[in-house]
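Hi there,

Here is the structure I promised to pass on. Have a look at it first, and my notes follow underneath.

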There are 2 protein chains.
Amino acid sequence: MSNQPQVLKGFRDFLPKEKRARDFVMGKITNTFKKFGFEPIETPTIEYRETIMGKYGDEADKLVYSFEDNGKRAVALRYDQTVPTARFIANHFNDLAFPFRRYQNQNVFRADKPQKGRYREFTQCDIDIFGSTDPLADAEIIACTYAAYKAIGFKQIKMVINDRQVLMGALQPFANSSVNVFSIIQSIDKLDKLPVAEVIGELVRKGMGNGEAGQAIEAIQKAKPSENLQKILDLLSSLGVARDEFRFDPLIARGLDYYTGMIFEIRIPGFTAGSVGGGGRYDNLIEQLCGLKMPAVGVAFGFDRTLEAAVQFNLIEDKVQSDSILVTVFDESLVSESAVLAAKLRKDGMICELYPKVDKLVKQFKYADKKGFRYCAIIGPDEVKKGIYLRKDLQTGEQKTIGI
Amino acid sequence: MSNQPQVLKGFRDFLPKEKRARDFVMGKITNTFKKFGFEPIETPTIEYRETIMGKYGDEADKLVYSFEDNGKRAVALRYDQTVPTARFIANHFNDLAFPFRRYQNQNVFRADKPQKGRYREFTQCDIDIFGSTDPLADAEIIACTYAAYKAIGFKQIKMVINDRQVLMGALQPFANSSVNVFSIIQSIDKLDKLPVAEVIGELVRKGMGNGEAGQAIEAIQKAKPSENLQKILDLLSSLGVARDEFRFDPLIARGLDYYTGMIFEIRIPGFTAGSVGGGGRYDNLIEQLCGLKMPAVGVAFGFDRTLEAAVQFNLIEDKVQSDSILVTVFDESLVSESAVLAAKLRKDGMICELYPKVDKLVKQFKYADKKGFRYCAIIGPDEVKKGIYLRKDLQTGEQKTIGI
């Protein structure tokens, strides 16, 4: 290993155990998406820069991986999944059934400063319904999100739900020439992380009076769900979301300015790194992106955080630890007996590896142990004569003879 | 749809039906890989250009997507999976159990001229065993490949198998100062596409005598398996590969110059676009790439061709066409009844979509039909009173009332 190149900062290799954990969580999420009638789509990793940039403007400019390809075209890497989906919908409009509900689980790229828990390439899991303004659509998105987290195995989740209209209604009276309502919302959004006094301080610095800032916070704390949001909340119960796992919270604001109605976040009690996902309704964005009038509601799962929480709560099931067997090779003369046994165990549905060389048995056991296999199969001259094999349980040490 | 940006040439969107077909084939392949004890890994899409370029040299220079990132680093997109895996093995050597068998199914990028069946972003499915020179390893690779194609549903496959040593042995006597043995192999490789006379012509143009060229072809046609290859072939039968689905073929050469031993190709009789995958033993490449002495044997599935063949033979199973139901919404007053029914059907394991708005029933039926759903559920005032719902089979037209 004279000269070892490394991965770029912010990028990751996934070792087998990590990749299996990722696949486990992704499998649960994807199955739930399918079960709710969401259909999979995929868009290219590379697109015209103009498409990828969407309406992000200058800030994204720095965060989008963009370059010139061999044909001198300005191209860029997928930055999110919403912008390419808008292009996709416009391109394939006649082939899609509306309201169109799709899921998309692909990697996105951000030329961001890498830091703990933040990567330059990471996986997003998105579901969205395009073409319905009905509270039913909002409720389906929230119910599917709930079902996905339940499928992963989380016992308790907390979904906090609000409506941009509630925020606008309560806070509009406090907007003035130096602080607009969206700027107030951005400060209010920090109430779950900062003490009230600090949020008031920020609002004052933005140009509100001290008393007004306090009144604004009080007004939002006392706000009630809109009629539309109440319908969504009622539907959640019908859709089987447990009453104690969602609640209206007028303080939830969500940072992105494109939301126009319901907004929500998913939190896992006991997981302190923050919300594991969030979404809401954005009825104007698709039109801005591709000129197509298309109301939309959706959610993005923070896949890495969700995985982290699943690991913390010990939810990952690894089949290699329960159903796997290494068929060892006794010696040169018995290679084909081991091969026949491996073929049989595979037919029986086991995860089964045939050790791919002639080696000392103790070395083969060590290999099985390091790889995390549950069992080893041994088939020597005695076993061949009797038509059996010896199965060693690497977790308990127990040995058993089994007929072939 | 005033202004419609498109995808770049050589890149593709996947519509739901296409993506489900891809997922079906990928699922069968991946399950087989797992069953044979191959472990999943992933490497980043972007790496240092120096890593990605590996030992490809000038030709690849033009085909690798490379650029300078914001930190002025020369970076490039994944071009294949072997080169990043060599880097991965060197980086994680102590965390891996050897012989290391891994699978890797990721997209790779080629700045190639796009043409029919050739894309700039496409999926590769690779399995390899690193750290064994034993014929057992070669046999495991071929047997796993066979099992994967069987799992997809192909009734007949043909695996043609050869050994670079057989080729070298038979053709070395015909090499001379103007044509080396590898150049002869490259011409011989065309025998399955060109008439013998044309291949002879090519060899003569390369500097062989007319008689010699004919003798070279005759020599290779009469070649017998090496002892090592015979062991591999014998093991395949033990591992359950049907005797009529593999054969020794001394004319198989495989283009890549890094193979050192067994080489093989997978063909589907009746699928005329060419072989759907191939591989072999390459005992020197990893050392060239990362300085680590590491014999290796593996196979790359041509995912797009495999999918194409699976479509041609009608092997794709689409659950949406058998197990899916759209719960319609009768009117505004019965929305929550539909929601409760949807929750129940989902619990029962159906793929179930709740139509996400209040709409004319006929419009909802049309939607279900366009999307390819099997059933529609209708729950109106009469059904609510009786505690039932009406299930309409969109394939047969049959209607059934079912208790909730």
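How much area do chain B and chain A bury between them? It comes to about 8,200 Å², and 60% of that is on carbon and sulfur atoms. Please keep in mind that this is a predicted model.

The size of an interface is often given as the accessible area lost when the parts come together, which is why I put that figure at the top. In terms of residues, 94 from chain B are in contact with 94 from chain A.

Next, the polar side of the interface. Between chain B and chain A there are 10 salt bridges. One of them joins A:D13 to B:R87, with 2.5 Å between the closest N and O atoms. The two chains also share 40 residue pairs in polar contact, counting pairs with both residues at pLDDT 80 or more.

On the side of chain B that touches chain A, helix α14 (residues 335–347) of chain B gives the most, with seven residues. Sorted by class, that side of chain B has 50 nonpolar, 27 charged and 17 polar residues.

Then there is the symmetry. A turn of 180° with a shift of 0.0 Å along the axis lays chain B on chain A, with an RMSD of 0.1 Å. The chains are therefore related by a two-fold axis. Both copies use the same surface, as 100% of the contact residues of chain B recur in chain A. If you would like to find the rotation axis on screen, try B:F67: its C-alpha lies 3.1 Å from the axis, the closest approach of any residue of chain B.

Best wishes

Key. Residues numbered from 1 in each chain as written. Chains lettered and ligands numbered in written order. Predicted model: local features only at pLDDT ≥ 70, side-chain atom pairs only at ≥ 80, totals over all residues. Heavy atoms only, no water. Contact = heavy atoms within 4.5 Å. Buried area = accessible area lost by both parts, 1.4 Å probe. Salt bridge = Lys/Arg side-chain N within 4 Å of Asp/Glu carboxyl O. Polar contact = N/O pair within 3.5 Å; in protein donor to acceptor, adjacent residues only side chain to side chain. Helix = DSSP H or I, 4+ residues; strand = E, 2+ residues; numbered from the N terminus. Nonpolar A, V, L, I, M, F, W, Y, C, P; charged D, E, K, R; others polar. Least-squares fit on C-alpha atoms with pLDDT ≥ 70 in both.
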